[in-house]
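Welcome! Have a look at the model below, and then let us walk through two parts of it together.

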Amino acid sequence: MTQTIGFIGSGMIGGALARLAVAAGLNVVMSNSRGPETLADLVAELGEHARAATPEEAAKAGDVVVATVPLGVYAKLPADALAGRTVIDTMNYYPGRDGRIAELDGGDITSSELLQRHLTGSRVVKTLHNMDWIRLYSRARPAGAPDRSALPVAGDDPAAKAEMVRLLDVLGYDAVDIGTLADSWRCEPGTPVYVQPYQGPRPAQITQQDWHQPEWQRWFREAPGEPVPADRVKQLIAQAVRGHVGGHSG
Ligand SMILES: NC(=O)c1ccc[n+]([C@@H]2O[C@H](COP(=O)([O-])OP(=O)(O)OC[C@H]3O[C@@H](n4cnc5c(N)ncnc54)[C@H](OP(=O)(O)O)[C@@H]3O)[C@@H](O)[C@H]2O)c1
């Protein structure tokens with residue numbers, strides 16, 4: 001059973017997941033690109049179960065490691081230090097942020113397959129990537145809660161996927177096994193299960209294009225979100241249509 005989670009990336013998603021992890025009694029080792037000293041405030045807030053390290057150290061310290069950096073820098077993830085580890089891939093392709101990645105634009109492989117190719121010695125599992133960071137934290141619920149949500153899980157290694165299902169349960173989510181990394185296009189940006197169902201309906205007067213407006217930002221900060229149970233996740237995954245690649249946002 002996972003005792004320590006290493007984090008490569010300690011931003012919005014890394015921070016939210018680390019908060020859930022320490023609340024569940026797990027240890028976390030946080031890292032970023034600028035060095036452990038820049039994570040002092042976050043680690044102090046997380047408490048005695050947290051420490052800061054370099055990406056290589058976080059990779060080696062974790063029973064599992066969360067890779068949660070902008071996809072555009074995926075090739076900088078330390079493949080040697082991550083060898084032998086299960087790696088949770090929360091990353092999504094946003095060309096406006098990540099730059100164009102020709103292999104993804106061609107639609108032949110998923111972003112998680114791209115990561116798995118880089119991390120040849122690791123077991124990549126795609127999950128924890130299709131909720132926004134605020135709802136990811138606020139909608140976690142104990143096992144059995146009636147308003148608990150489920151998340152898709154994809155991976156090529158059945159044992160690593162099973163390990164992830166157990167970890168999601170500890171962090172506050174049910175899981176739906178949607179297949180292999182090749183199948184993970186079904187939960188990439190722009191698909192029906194991506195982000196929006198967990199946010200709940202957006203007020204009619206607020207559109208995605210309004211993201212820079214205070215009204216949008218207030219809604220994003222404060223929306224309570226909605227539970228998305230496993231049956232609904234299965235329906236949404238089944239509705240996915242392959243074609244569009246990559247997301248766009250503010
Ligand atoms: N935000 C969301 O709601 C959300 C939801 C689902 C999935 N995601 C995906 O999850 C990933 C992380 O998103 P985020 O919103 O948490 O991003 P973020 O807030 O911008 O944080 C990114 C983190 O990655 C670190 N980082 C960047 N380059 C690095 C490198 N070469 N080595 C080690 N660490 C590096 C950054 O460290 P420095 O600050 O030191 O550079 C920072 O801690 C992205 O792929 C995103 O698409 C985001």
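## The ligand and one helix

Grouped by class, the residues in the shell around the ligand are 11 nonpolar, nine polar and four charged. Here Ala, Val, Leu, Ile, Met, Phe, Trp, Tyr, Cys and Pro count as nonpolar, Asp, Glu, Lys and Arg as charged, and the others, Gly among them, as polar. This is a predicted model, in which local features need pLDDT of at least 70 and side-chain atom pairs count only at pLDDT 80 or more, while totals for chains, interfaces and linings use all residues. Residues are numbered from 1 along each chain as its sequence is written, and side-chain values use heavy atoms, leaving out hydrogens and water.

Which residues come nearest to the ligand? Of the 24 around it (a heavy atom within 4 Å), they are S10, I13, S33, R34 and V69. The table lists polar contacts, meaning pairs of N or O atoms within 3.5 Å.

| Polar protein atom | Distance to a ligand oxygen atom |
|---|---|
| I13, backbone | 2.8 Å |
| S33, side chain | 2.6 Å |
| T90, side chain | 3.1 Å |

On its own, the ligand has 900 Å² of accessible area (Shrake-Rupley method, 1.4 Å probe), and the protein covers 80% of that.

Now find helix α12, residues 230-239, where V233, L236 and I237 are buried (under 20% relative accessible area, 1.4 Å probe, protein chains only). Helices are DSSP runs of H or I with at least four residues, and strands are E runs of at least two. Seen down the axis of α12, its buried residues fall within an arc of 100 degrees, judged by the directions from the axis to the C-beta atoms, so they line one face of the helix. These buried residues pack against β7 (150-155), β8 (174-179) and α10 (196-199), with contact meaning heavy atoms within 4.5 Å. On the face turned away from the buried side, α12 carries D231 and A238, which are exposed (over 50%).

Key:
A polar contact is a pair of N or O atoms within 3.5 Å; within protein, one must be able to donate a hydrogen and the other to accept it, and residues adjacent in sequence count only if both atoms are side-chain atoms.
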